[in-house]
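Colleague: I'd like a close look at one strand in this model and at what sits around it. Could you walk me through it in one go?

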Amino acid sequence: MLDGLRDLLRHRALVGVLVARELKARYRGSVLGFFWSLLNPLLMLAVYTVVFQLIFPARSPSTSPYALFLFCGLLPWNWLSASLTDASASLVVHGSLLKKVLFPAEVLPTVAVLAQGVHFLLALPVLGLGLVLGAAGVFGPAVAMTPALFQVPLLIVLEGLFLLGAGYFLAGLTVHFRDVKDLLGTGLTLWFFGTPILYTLPDISSPFLRSLLAWNPVAPLFAAWHDALFYGRWVGAGEWARVAAISLLVFTLGSLFFARLRDSYPEAV
Amino acid sequence: MTTGFAVVAEGVSKRYRRWGRSRAFGTLKSAFLGRGLAEALGPSETVDALWNVSFSVAQGETFGVIGANGSGKSTLLKLVAGIFKPTAGRLAVDGKVSALIELGAGFHPEISGRENVVINGVMLGLTRKEIERKLPEIAAYAGLEEFMDQPVKTYSSGMYVRLGFAVAVHVDPDILVVDEVLAVGDEAFSRRCLDTIGEFRARGKTIFFVSHALGLVEELCDRVLYLEQGRTKGTGEAREMLAAYRLDVAAGEGERLKTEHVKDQDELREAAPPAPEAERPRRWGDRSAVITACRLLDASGAERYSFRSGESVTVEIEASPSRPLTDFVFGMGVYTPEDVCVHGSNTETDGLNGERFDAPGTARLTLPRCDLGAGTYLLDVAIHSRRGTPYDYWRGACRFHVESPTRDAGLWRPERNWAFSGGLRLSRS
């Protein structure tokens with residue numbers, strides 16, 4: 001785990017310029033450029049508001065106002081799903097770098113996760129706007145804005161660590177089993193519904209299903225996101241410990257797996 | 001930097017897994033727990049791209065690698081560049097390596113040349129500051145000052161490669177690894193590349209050079225490694241290795257010519273001699289006598305179609321008459337593929353008179369020293385009457401190859417002795 005972090009530090013300049021390139025290249029040629037990172041979540045918030053305020057009224061009082069609740073879980077989820085999709089393809093897509101240049105492979109999935117992380121950060125002001133509007137009661141019952149929001153940076157770090165580990169694992173695996181790319185799309189959809197984003201775990205009536213879904217490694221993380229953003233609650237020490245342990249474990253195992261297969265990448269991509 | 005060697009390879013081997021087979025690893029378990037990924041695979045599932053290759057490159061030396069396609073040159077290059085790891089053996093590289101394998105690898109088409117240079121530079125190990133300081137110099141070297149703010153996707157392929165080369169040589173490596181990249185770009189840029197490489201040599205940098213351009217290898221390299229099917233065929237002086245390589249290529253060519261010759265002869269024997277054809281017939285005559293075979297022999301009597309200049313060559317002609325003949329002449333001519341007559345003579349010009357030809361026989365003409373220059377030649381053989389009526393005239397009956405051990409030019413390669421006197425002195429290299 002320390003080795004993994006040390007490598008990343010060593011290549012931070014490279015990671016930095018590549019993340020910047022990723023972002024620049026993405027919006028090159030579009031009129032609004034970086035504003036899309038803000039605009040997209042704003043449009044998403046607008047769509048959910050229309051759908052869940054006007055078309056489907058809120059169901060459970062614990063997740064009301066539902067549009068805002070959904071938004072609080074969806075942004076971290078979008079980061080997760082986009083990161084893992086990009087990271088898993090990163091080695092194969094940039095195969096020529098690995099084949100033709102002495103290039104540190106771990107930089108590629110890292111860049112994928114961090115570039116998506118920047119999009120996530122750019123979307124946070126929109127989330128902030130949503131919370132302010134929510135506090136003013138625009139979405140229905142007023143939502144309290146509390147100092148619990150100060151937990152957000154730590155959550156970002158822990159989710160980032162989780163995504164790096166999972167990204168390394170998927171990137172390495174995809175090099176040898178291209179099937180991963182196809183599986184991942186469906187897998188992410190299944191994972192999305194198995195993660196408390198559209199609902200909260202306590203809302204599930206079946207005890208069997210509830211205990212099954214509790215095994216989801218990101219369930220504690222998303223519960224913590226809801227706590228910090230939507231409910232304005234402090235996340236309990238035990239919960240923090242679980243989230244942190246899972247993130248560190250995934251990061252460590254992912255790095256180890258990635259390092260184990262490292263020599264095979266230039267030949268196999 | 002204590003050894004004085006930039007690259008030392010000891011028994012380096014590289015094994016690839018063979019693709020198309022279903023198994024990626026020996027077992028899935030070995031992928032996660034075992035030591036080597038390819039180790040558990042059976043011999044039928046792997047390919048040895050390099051086998052037990054050892055050499056050392058001194059610091060400041062220009063070291064060339066030659067060999068046919070698929071001999072393992074590129075694999076070796078990637079091993080030295082650190083992109084691949086050897087399967088077995090030890091490979092030590094001392095110093096910062098810059099590999100010119102694919103120029104501009106990693107350029108992103110959507111962003112500007114300037115940004116790509118910065119990223120490429122960082123990729124090759126420079127800091128942002130260093131590369132930004134060198135930017136004007138790089139742009140000038142590539143001749144792209146006005147285009148640096150354009151996205152790279154608008155560049156021509158030549159511009160792309162120039163920019164890639166400019167970055168790669170400006171990272172100031174200790175060891176420059178050069179693949180077949182100098183072939184791209186226009187004449188002026190190729191010249192500049194070579195000048196840069198010369199400059200690197202002058203500054204005492206090590207250069208590891210892989211090329212099919214043998215002339216360039218000869219010009220640039222101090223020592224050369226000759227690879228054949230992943231094994232070392234030889235290491236030594238550039239000139240020596242290149243001569244060995246050229247001879248092997250020629251021998252291979254000779255082998256091919258021999259097979260073709262046999263095939264041709266079989267085909268032509270059945271048809272020979274055909275009715276005169278409209279356009280440059282290969283064989284004509286009234287069939288009073290027919291050449292049944294024509295082959296070339298070396299000094300030991302073995303059939304061969306590739307000779308070293310100065311070797312003995314024997315032309316063997318088997319023929320049979322359709323009726324007893326007294327008026328006959330055997331002739332031969334040597335032509336270049338461009339149809340320039342190099343030599344032509346026959347039994348009559350050589351002062352021999354035909355007496356009888358009433359049963360199949362064999363004529364052998366030996367050239368004790370065939371002092372032809374390097375190249376491919378065609379041999380015409382013929383039997384005709386003293387007045388010139390062709391019985392069987394066969395153009396290009398044999399095709400053979402002559403190899404010269406030195407780099408002289410022309411069709412004729414005479415023995416030569418230089419002598420100097422007065423204020424003139426030369427020494428043998």
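**A strand and its neighbours**

Modeller: Sure. This is a predicted model, and the strand to look at is S7 of chain B. Start with one pairing: B:Val178 has B:Phe209 as its bridge partner in S7(B). B:Val178 belongs to strand S6 of chain B, residues 175-178, which runs parallel to S7(B) and is joined to it by four bridges. Another spot to click on is B:Leu176, which stands opposite B:Ile207 of S7(B).

Now go to strand S3 of chain B, residues 62-66. S3 and S7(B) also pair in the parallel sense, again over four bridges. Here B:Gly64 has B:Phe209 in S7(B) as its bridge partner. So B:Phe209 turns up in both pairings, with B:Gly64 and with B:Val178. As general background, strands of a sheet pair through backbone hydrogen bonds, either parallel or antiparallel.

Zoom out a bit and you'll see the whole sheet. It is an open one in chain B, made of six strands in the order S5-S6-S7-S3-S8-S9, with mixed pairing. S5 and S9 (231-237) of chain B are at the edges with a single partner strand each, so each has one side without a neighbour in the sheet. From one strand to the next, the twist averages 15 degrees. Helix H2 of chain B, residues 73-81, packs on this sheet and touches S3, S5, S6, S7 and S8 (223-228) of chain B. The direction of H2 makes about 155 degrees with that of S7(B).

How buried is S7(B) itself? Five of the five residues of the strand, 206-210, are buried, so S7(B) is largely enclosed by the rest of the structure. If you look at the two faces separately, B:Thr206, B:Phe208 and B:Val210 are on one side, while B:Ile207 and B:Phe209 are on the other. Both faces are covered, and all of these residues are buried.

For the wider setting, the domain assignment of chain B gives domain 1 as 5-12 + 55-239 and domain 2 as 282-403. The C-alpha centres of these two domains of chain B lie 51 Å apart.

One last thing, the partner chain: 25 residues of chain B are in contact with 21 residues of chain A. On the chain B side, the elements giving two or more residues are strand S5 (97-100) and helix H3 (113-123). H3(B) gives the largest share, five residues. By type, that side of chain B divides into 16 nonpolar, four polar and five charged residues.

Definitions and conventions: Residues numbered from 1 in each chain as written. Chains lettered and ligands numbered in written order. Predicted model: local features only at pLDDT ≥ 70, side-chain atom pairs only at ≥ 80, totals over all residues. Buried ≥ 20, exposed ≤ 12 C-beta atoms within 10 Å, placed from the backbone. Pairing = 2+ DSSP bridges. Domains from an automatic or database assignment. Contact = placed C-beta atoms within 7 Å. Nonpolar A, V, L, I, M, F, W, Y, C, P; charged D, E, K, R; others polar. Axes fitted to C-alpha atoms, helices over the stretch in contact; angles between N-to-C directions.
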